[in-house]
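The following exercises concern the packing of side chains in a protein model. Please study the sequence and the structure before reading each worked solution.

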Amino acid sequence: MDKELRVIISGGGTGGHIFPAVSIANAVKALRPDAKILFVGAQGRMEMQRVPAAGYDIKGLPIRGFFRPLWKPANIGVAIDYLRSKWLAKKILRDFKPQVAVGVGGYASSAALGAANSLGIPTLLQEQNSYAGLTNKQLAKGAEKICVAYEGMERFFPAEKIMLTGNPVRQQLLETTITHDEAVRSFGLDPTKKTVLLVGGSLGARTINESVLQHLDIVKDSGVQFIWQTGKYYSEEIAARLKGKELPNLKVMDFITDMGAAYKAADLVVSRAGAGSISEFCLLGVPVILVPSPNVAEDHQTKNALALANRDAALYVRDADAPGMLLQLAVDTVRDDAKLQSLRENVLKLALPNSAEIIAKEVIKLANH
């Protein structure tokens with residue numbers, strides 16, 4: 001019997017980092033049920049709730065991001081917290097004694113994986129985006145293996161360490177057994193009509209929301225039906241602006257819990273261009289219009305979107321152009337069966353299945369070395 005496997009997984013801050021981290025943990029457990037897995041996150045961030053909800057222990061570090069510009073006096077406190085986090089991370093690693101540490105990006109992984117490197121614990125990085133994050137770029141030198149979702153990542157990482165694995169996605173999306181018609185009915189809509197899913201992530205996306213609100217006349221007269229996830233942040237304002245309007249073909253929700261059913265119901269999706277979402281679209285063969293968020297580091301969502309659009313695997317609309325044209329484009333596209341079919345075929349070609357299991361096998365291999 002192999003010796004007990006002990007793994008640290010670190011990172012978070014957004015669902016885009018947390019979903020892959022939990023998927024990797026689940027895949028390690030499936031291969032090695034005896035594995036002990038401990039997460040290291042940033043205090044006050046999303047991972048401190050999401051990881052325990054997935055059934056794993058997590059330790060929080062007081063780490064946070066620097067303020068721009070860097071000479072702001074508040075950064076003295078941020079620097080002190082970073083040094084404290086490095087010290088705490090070393091203590092966590094010495095107590096837990098992992099054979100391997102996995103970093104998925106986000107503040108916490110810079111301290112935890114940095115500590116692992118200094119203690120001689122082998123590390124594996126998982127980079128979700130087509131444009132590498134700052135944390136992973138800094139950690140790459142000490143990493144044994146770097147698992148990526150896009151080709152051409154030699155621009156950021158040593159070529160000999162790179163492995164093209166794809167992004168692990170939420171397993172329940174792949175296991176959805178509901179039919180298209182059942183899925184449409186579950187949202188109280190008509191299975192004989194074309195359906196567009198509008199989604200801006202768990203917090204919502206102001207641009208996508210405004211693109212709908214400014215063209216309610218198109219919604220009403222389109223003959224198409226819409227499932228609209230507004231995001232909790234915007235839900236009250238949108239409810240007020242829709243008050244008194246008769247729009248039976250518009251299903252408005254602040255948050256969709258069953259995204260598997262939502263994707264199954266949709267003939268076309270309108271979405272931001274986060275790496276995790278794009279991996280889901282590829283694996284599920286979802287025709288999509290991507291509207292990259294301009295408010296992300298190094299404009300990486302635009303680079304993610306173009307990686308698909310340049311292969312005719314998605315349509316791309318700039319954030320600034322969306323309020324004027326997005327809704328009409330969605331209606332025109334969802335009525336065009338030939339276009340939907342070609343988007344579906346092209347996006348499926350980019351899918352990289354079994355990512356979590358492939359990464360988990362690499363994690364176990366590193367631990368055994």
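**Exercise 1. Charges over rings**

Determine which residue lies over the face of F19, and at what distance from the ring centre.

Solution. R170 lies over the face of F19, and the distance to the ring centre is 4.5 Å. The model is a predicted one. A further case involves K303, whose charged end sits over the ring of Y131 at 4.4 Å from its centre.

**Exercise 2. Aromatic pairs**

Classify the ring pair of Y263 and F281, and state which parts of the chain the pair ties together.

Solution. Step 1: five aromatic pairs are found when the whole structure is searched. Step 2: for Y263 and F281, the ring centres are 5.7 Å apart and the planes stand at 75°. Planes over 60 degrees apart count as edge-to-face, so the pair of Y263 and F281 is edge-to-face. Step 3: Y263 belongs to helix α11 (residues 259-265) and F281 to helix α12, so the pair ties together parts that are 18 residues apart in sequence. Step 4: Y263 and F281 are both buried. Elsewhere, ring pairs link Y131, F156 and F157 into a cluster.

**Exercise 3. The surroundings of F157**

Establish where F157 lies, whether F157 is buried or exposed, and which residues are in contact with F157.

Solution. Step 1: F157 is found in the loop between β6 (145-148) and β7 (162-164). Step 2: its relative accessible area is 3%. Buried means under 20%, so F157 is buried. Step 3: leaving aside neighbours within four places in sequence, the contacts of F157 include E127, A132, I146, V148 and I162. Step 4: the largest nonpolar core has 61 residues, and F157 is among those with the most contacts inside it, together with L197, V269 and L290. Helix α4 (residues 107-118) supplies the largest share of this core, six residues.

**Exercise 4. The faces of helix α15**

Identify the buried residues of α15 and explain why they line one face of the helix.

Solution. Step 1: helix α15 (residues 337-348) has 12 residues. From its first C-alpha to its last it reaches 17 Å, close to the expected 16 Å. Step 2: its buried residues are L340, L343, N346 and V347. Seen down the axis of α15, these residues fall within an arc of 140°, so they line one face. Step 3: a general rule applies here. An α-helix has 3.6 residues a turn, so residues three or four places apart point the same way. Step 4: the face of α15 turned away from the buried side carries the exposed residues D337 and A338. Step 5: the buried residues of α15 pack against several elements, including β11 (268-271), α12 (275-284) and α14 (322-334).

Note on methods:
Residues numbered from 1 in each chain as written. Predicted model: local features only at pLDDT ≥ 70, side-chain atom pairs only at ≥ 80, totals over all residues. Heavy atoms only, no water. Core = buried A, V, L, I, M, F, W, Y, C linked by side-chain atoms within 4.5 Å. Buried < 20%, exposed > 50% of the residue type's maximum accessible area, 1.4 Å probe, protein only. Helix = DSSP H or I, 4+ residues; strand = E, 2+ residues; numbered from the N terminus. Contact = heavy atoms within 4.5 Å. Expected span 1.5 Å × (residues − 1). Arc of directions from axis to C-beta. Phe/Tyr/Trp six-rings, centres within 6.5 Å; stacked < 30°, edge-to-face > 60°. Lys NZ or Arg CZ within 6 Å of the ring centre and 35° of its normal.
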